[in-house]
Amino acid sequence: MSNHSQTITPSTSTPLTGAALKAALVGTWELISYKVEEEESGALIDAMGDHPRGRVIFTQDDWVAFNLEGTGRTPAKTDDDRARLMQTLVAYIGRYHIEDNQWITQVETAWAPEWVGTQQRRTVTVDGNTADVITPWRLMPNWGGGQMSRSIIRFHRAG
């Protein structure tokens, strides 16, 4: 993971909300970048590397499926390898609904068992074919060393 001394620039466009946000989200989105901001230090970390891959799919009937992977993942040969792979994975599926400029997922399956049965809230700004997502501050199971952080994620509509 590499540190970046970037600042987070809030979007200047008017955020979509409610039914307009849902209509803009429905479809398949490709992961472009996944950064983590540490609350205490303000440091931005490329948690998934410089060429992450993954998709998020929103359906019209209120399902969302996430599978996001870090750069350079290779098949595991040992249990230690498998454990390291978990540090560059975020995956979950659940029912979602929209509140204002956020989508909230009721997680039904997840890469991290502690997320099953939880609600995951994400603030999202859609601007054309780009979606910028920010999570609330929280402890992540696969990075952060027990420190509060939030994810800052960019997607592009898959074509």
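Does Ala-23 count as buried or exposed, and at what relative accessibility? At 55% relative accessibility, Ala-23 counts as exposed, where exposed stands for over 50% relative accessible area, buried for under 20% and partly exposed for what lies in between, with a 1.4 Å probe and protein chains only. The structure is a predicted model, in which local features need pLDDT of at least 70 and side-chain atom pairs count only at pLDDT 80 or more, while totals for chains, interfaces and linings use all residues. Residues are numbered from 1 along each chain as its sequence is written, and side-chain values use heavy atoms, with hydrogens and water left out.

The overall architecture comes first. The protein holds two helices and ten strands, these being DSSP runs numbered from the N terminus (H or I of at least four residues for helices, E of at least two for strands). Read from the N terminus on, the order of elements is β-α-β-β-β-β-α-β-β-β-β-β. The radius of gyration is 15 Å, in agreement with the value near 15 Å that a compact globule of 159 residues would have; this radius is taken over C-alpha atoms, and the globule rule is 2.2 Å times the number of residues to the power 0.38. Along the principal axes, the C-alpha trace spans about 45 × 35 × 30 Å.

Burial, contacts and charge fill in this picture. Of the 159 residues, 38% count as buried. The accessible surface comes to about 8700 Å², and 51% of this surface belongs to carbon and sulfur atoms; the areas come from the Shrake-Rupley method with a 1.4 Å probe, and for residues only the protein chains shown count as cover. With contact meaning heavy atoms within 4.5 Å, 53% of the contacts between residues at least 6 apart in sequence join residues at least 24 apart. The protein carries 15 positive and 19 negative side chains, and the centres of the two sets lie 4 Å apart. In this count Lys and Arg are positive and Asp and Glu negative, with His and the chain ends not counted; each charge is placed at NZ of Lys, CZ of Arg, CG of Asp or CD of Glu.

Helix α1 (residues 18-25) offers a good place to look more closely, and its buried residues are Leu-21, Lys-22, Ala-24 and Leu-25. They sit on the same side of α1, because they cover an arc of only 165° around the axis, the arc being that of the directions from the helix axis to the C-beta atoms. An α-helix has 3.6 residues a turn, so residues three or four places apart point the same way. The buried residues of α1 pack against β2 (27-38), β4 (53-58), β6 (89-99), β7 (102-110), β8 (119-127) and β10 (149-157). On the face turned away from the buried side are the exposed residues Ala-19 and Ala-23. The C-alpha atoms of Ala-23 and Gln-87 are 32 Å apart in space, with these positions 64 residues apart in sequence terms. Just after α1, Gly-27 takes a positive phi of about 135°.

Two strand residues show how burial and contacts go together in detail. Val-124 lies in strand β8 and is buried, with a relative accessible area of 1%. Residues touched by Val-124, leaving aside those up to four places away in sequence, are Leu-21, Leu-25, Asn-101, Trp-103, Ala-131, Asp-132 and Val-133. Ile-32, in strand β2, counts as partly exposed at 41% relative accessibility. With the same allowance for residues up to four places away, Ile-32 touches Pro-52, Arg-154, Phe-155 and His-156. Ile-32 and His-156 are 124 residues apart in sequence, yet 6.6 Å apart from C-alpha to C-alpha.

The loops add a few features of their own. Asp-62, in the loop between β4 and β5 (63-69), has a positive phi of about 75° although it is not a glycine, and counts as partly exposed at 27% relative accessibility. Asp-100, in the loop between β6 and β7, also is not a glycine and has a positive phi of about 55°; Asp-100 is exposed, with a relative accessible area of 59%. Thr-71 belongs to the loop between β5 and α2 (79-85) and is partly exposed at 33% relative accessibility. Beyond residues up to four places away in sequence, Thr-71 touches Met-48, Gly-49, Asp-50, His-51 and Pro-52.
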